[in-house]
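Visitor: I'd like a quick tour of this one, starting with the ligand site. Could you walk me through it?

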Amino acid sequence: MENQPTVPTIIDLPKFLDRRGSLSFIEQDKHVPFEIARTYWVYDVPGGSKRGGHAYRRNQEFIVALSGSFDVVLVNERGEKKIWHMNRSYYGLYIPSGWWRELENFATNSVALVLSSTSYDPDDYIRDFEQYRKEFA
Ligand code: TYD
């Protein structure tokens, strides 16, 4: 991808559909606007549970609803909130660093696939919203 979006953006993925079903894929540099350092997935989320509740200082992410559905709630440093309902596996949500996020409203058996631009680094997390506002104001 040539341009790196500066705000959270839905990115459509290739989709091949035929009688046997559907296939989508992600290639580094073509479909996600960063070099992929890590992949993780969130699953078996009990009804009513929330994931996230933090911001990353450096890490960028691309989130795909591989199965089922959930909401990605993003808040910026001004407290402006936007909710993305993720329910198809042929697109993903690109989230630049510096956005407060929560994943919630998981349907049973949902799987959230996450591609990350950095390796896991606990020091990259901001887990306190006031601290987040201070750092990004
Ligand atoms: P956590 O950040 O609390 O998950 P979420 O953002 O979905 O709420 O991570 C849960 C646990 O998993 C925590 O102990 C850290 C660990 N973890 C890793 O070891 N590597 C990773 O890449 C991630 C995302 C989490």
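**Around the ligand**

Visitor: Which residues are around the ligand?
Guide: Keep in mind that this is a predicted model. The shell divides into 3 nonpolar, 2 polar and 3 charged residues. Here's the roll call: R38, Y40, R51, G52, H54, Y120, Y125 and R127.

Visitor: Which strand gives the largest share of the shell around the ligand?
Guide: Two strands, β4 (38–43) and β5 (51–56), each supply at least two of the shell residues. The largest share is 3 residues, and the strand behind it is β5.

Visitor: How much of the ligand does the protein bury?
Guide: Let's take the polar contacts to ligand oxygen atoms before the area. R38 has a polar side-chain atom 2.4 Å from one ligand oxygen, H54 has one at 2.8 Å, and for a side-chain N or O of Y125 the distance is 3.4 Å. Taken alone, the ligand exposes 530 Å², and the share buried by the protein is 58%.

**Out into the sheet**

Visitor: Which strands stand at the edges of the open sheet?
Guide: The sheet has 5 strands, paired antiparallel in the order β8-β7-β10-β5-β12. Two of them have a single partner strand each, so one side of each is left without a neighbour in the sheet. Those are β8 (81–86) and β12 (125–126).

Visitor: Which residue does H54 stand opposite?
Guide: H54 is one of the residues around the ligand. Strand β5 (51–56) runs antiparallel to β10 (residues 100–104), joined by 3 bridges. Opposite H54, in β10, stands R101.

Technical notes: Residues are numbered from 1 along each chain as its sequence is written. This is a predicted model: local features need pLDDT of at least 70, side-chain atom pairs count only at pLDDT 80 or more; totals for chains, interfaces and linings use all residues. Side-chain values use heavy atoms; hydrogens and water are left out. A residue is near a molecule or strand if one of its heavy atoms lies within 4 Å of it. A polar contact is a pair of N or O atoms within 3.5 Å; within protein, one must be able to donate a hydrogen and the other to accept it, and residues adjacent in sequence count only if both atoms are side-chain atoms. Accessible areas come from the Shrake-Rupley method with a 1.4 Å probe; for residues, only the protein chains shown count as cover. Helices (H or I, at least four residues) and strands (E, at least two) are DSSP runs, numbered from the N terminus. Ala, Val, Leu, Ile, Met, Phe, Trp, Tyr, Cys and Pro count as nonpolar, Asp, Glu, Lys and Arg as charged, and the others, Gly among them, as polar. Two strands pair if DSSP finds at least two bridges between them.
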